[in-house]
Amino acid sequence: MDLEYGQEHEAFRESVRDFLKGWPLQGAEAELPIEQQQSIFRKRGIEAGFVYRKVPAKYGGSEQPSDALKDKIIQEEFHAADAPRDLSSQGAGMLVPTLLEFGTEEQKGRYIPPALSGEENWCQGYSEPGSGSDLASLQCQARLEGDEWVLNGQKIWTSSAQRAQMMFGLFRTEPDAKKHQGISYLLVPMDTPGLEVRPLREMGGGYEFNEVFFTDARIPADSIVASRGQGWQVSRATLVHERNLIGNPNMMREAFSDLLNLARARQIAGRPAIEDPGIRRRIAEIEGYVQTSELSGMRQFTAANRGEMEKVMRPMMMNKVFSTDVMQMIMKCAYDLIGGDGALAPAEDELDTWGRTTTSTGWVLQYIFSMGPAIAGGATNIQLNIIGERGYGLPRDLRKTS
Ligand SMILES: Cc1cc2nc3c(=O)[nH]c(=O)nc-3n(C[C@H](O)[C@H](O)[C@H](O)COP(=O)(O)OP(=O)(O)OC[C@H]3O[C@@H](n4cnc5c(N)ncnc54)[C@H](O)[C@@H]3O)c2cc1C
């Protein structure tokens, strides 16, 4: 098998490298707050055709023809330069593709551009205290009164709600319909009177999780995506994008390359840890999994482009389970390399659980955090049920129907 990139793609890599000479920003721009610098560079990336390649230009993307190898080259080079690229936030990564599929023209024009730029942050209001894996049993209610929805109830585990300007959420709008058919997908401004966000502290010490309470919170009737009672279908689309985000092989490759750097920097018995046979064996095993995932990703991409999705349905279902396992292996290996430094309490500014792993305590937080994605977006047990039932035609698990 020839795994070299061809001439066209090597030339493309050079053009990406040339573009990346513009990062970090220089002169007066370098004095701006970092978020502003990232936003400036991301916009330049869109103009150059390297950022948001799948999003139509009229909604703020760069609308490029699909090419998995080019995507991979961009990811490799942007990661090496630590440069800002597509946000993998709930807005850009989950809501945008959902709106592209189900939104009205007005909703796409209004919500997609600020979600891509990061000017408007989104959170996901699905889970409730009594409804996680059995999400369709959710009870948070939206009642139509005149030209407004009136919201009442509670959401939980709402990641980054404290920073969000908007929520996409699931609400029971048809209480008399069967449980899956009684749900609608609504877009809720977080500053709506009657909406209250309360933080929940995580075991890593940070505050990414929240509870969100609604008490007669009113939003316009046109805040609905698709029709009344179609929220379940819309949410399935968002969940696929969430699972693809979590199962993204690029994320594994980046964490793996950070792990290699760590293994080069740490010492075991006076020698770089990367020379230790035990560490080398673990790293080689992990790299095997990372490469498998990358090749499977390419295969899925090619099949999608050829309209042969049915050939890759099983590997697609496995992406999330596989990637969360491998991410845990990477973080566990790093955690073992960190050794006693891991016992140090993290500084307050290291409590960003989504950040890069450049410090010992940052790695420890990532290790703790690596257990979360196996639960978020549908727990591994549920995903294994899906693989068994839909992928292999095994008998259905027992479940409540109403
Ligand atoms: C890091 C992280 C971020 C999250 N962010 C968000 C967010 O932004 N918005 C949001 O709405 N939610 C979010 N969640 C919540 C997440 O979607 C739920 O935790 C998840 O769906 C599981 O629901 P639960 O916690 O109620 O667990 P439960 O559904 O009570 O499950 C408990 C255990 O039982 C197992 N189980 C349940 N049913 C079955 C079954 N039928 N077969 C086999 N095993 C089963 C599960 O696998 C799990 O191990 C997040 C969770 C995490 C960890």
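The following exchange takes up how certain descriptions of this predicted model are justified.

Reader: How do you know that the protein chain agrees with a compact globule?

Author: With 402 residues, a compact globule would have a radius of gyration near 21 Å, and the protein chain has 22 Å, which agrees. Along its principal axes the C-alpha trace spans about 70 × 50 × 45 Å, and within the chain there are eleven helices and ten strands. Of the contacts with a separation of 6 or more, 68% are made by residues 24 or more positions apart.

Reader: What share of the residues is buried, and what supplies the exposed area?

Author: Buried residues make up 47% of the 402 residues in the protein chain, where buried stands for a relative accessible area under 20%. The chain exposes about 20,500 Å², and carbon and sulfur atoms supply 53% of that area.

Reader: Why is S160 called buried, whereas D276 is called partly exposed?

Author: The relative accessible area of S160 is 14%, and because the cut-off for buried is under 20%, S160 is classed as buried. D276 has 23% relative accessibility, which is not under 20% and not over 50%, so D276 counts as partly exposed. S160 is found in the loop between β3 (148-155) and β4 (166-172), while D276 belongs to the loop between β10 (271-272) and α8 (277-305). The C-alpha atoms of D276 and G153 are separated by 55 Å, and these two residues are 123 residues apart along the chain.

Reader: What makes the backbone at S160, D82 and P24 worth pointing out?

Author: Most residues other than glycine have a negative phi, and most peptide bonds are trans. Against that background, S160 has a phi near 50°, a positive value in a residue other than glycine. D82 likewise has a positive phi, about 55°, although it is not a glycine, and D82 lies in the loop between α3 (68-81) and α4 (90-102). In the case of P24, the peptide bond that joins W23 to it is cis, with omega near 0°, and P24 lies in the loop between α1 (7-20) and α2 (34-48).

Reader: How do you know that the length of α5 agrees with what a helix should span?

Author: Helix α5 covers residues 105-117, which makes 13 residues, and at 1.5 Å a residue it should span 18 Å; the end C-alpha atoms are 19 Å apart, which agrees. The helix nevertheless bends by about 30° at Y111, and a proline, P113, follows within four residues. Just after α5, G118 takes a positive phi of about 85°.

Reader: Which residues of α5 are buried, and what do they pack against?

Author: The buried residues are Q107, K108, Y111, I112, P114, A115, L116 and S117. The buried residues of α5 pack against α2, α4, β1 (122-125), β4, β5 (183-189) and β8 (224-225).

Reader: What makes β4 a strand with both faces covered?

Author: In a regular strand the side chains alternate between the two faces of the sheet. In β4, M166, F168, L170 and R172 on one side and M167, G169 and F171 on the other are all buried, and the count for the strand is seven of its seven residues.

Reader: Why is β5 described as largely enclosed?

Author: Six of the seven residues of β5 are buried, so β5 is largely enclosed by the rest of the structure.

Reader: How do you know that β4 and β5 are paired with other strands, and which way do the partners run?

Author: Two strands are said to pair if at least two bridges are found between them. Four bridges join β1 to β4, which run parallel, so this meets the cut-off of at least two, and W122 stands opposite M166 in β4. Seven bridges join β4 to β5, which run antiparallel, with R172 standing opposite I183 in β5. Two bridges join β5 to β8, which run antiparallel, so this pair reaches the cut-off of at least two bridges; here Y185 stands opposite V225 in β8.

Note on methods. Residues numbered from 1 in each chain as written. Predicted model: local features only at pLDDT ≥ 70, side-chain atom pairs only at ≥ 80, totals over all residues. Heavy atoms only, no water. Buried < 20%, exposed > 50% of the residue type's maximum accessible area, 1.4 Å probe, protein only. Expected span 1.5 Å × (residues − 1). Bend = angle between axes of the 7 residues up to and from the residue. Contact = heavy atoms within 4.5 Å. Rg over C-alpha atoms; globule rule 2.2 N^0.38 Å. Areas by Shrake-Rupley, 256 points an atom, 1.4 Å probe, with all protein chains shown as cover.
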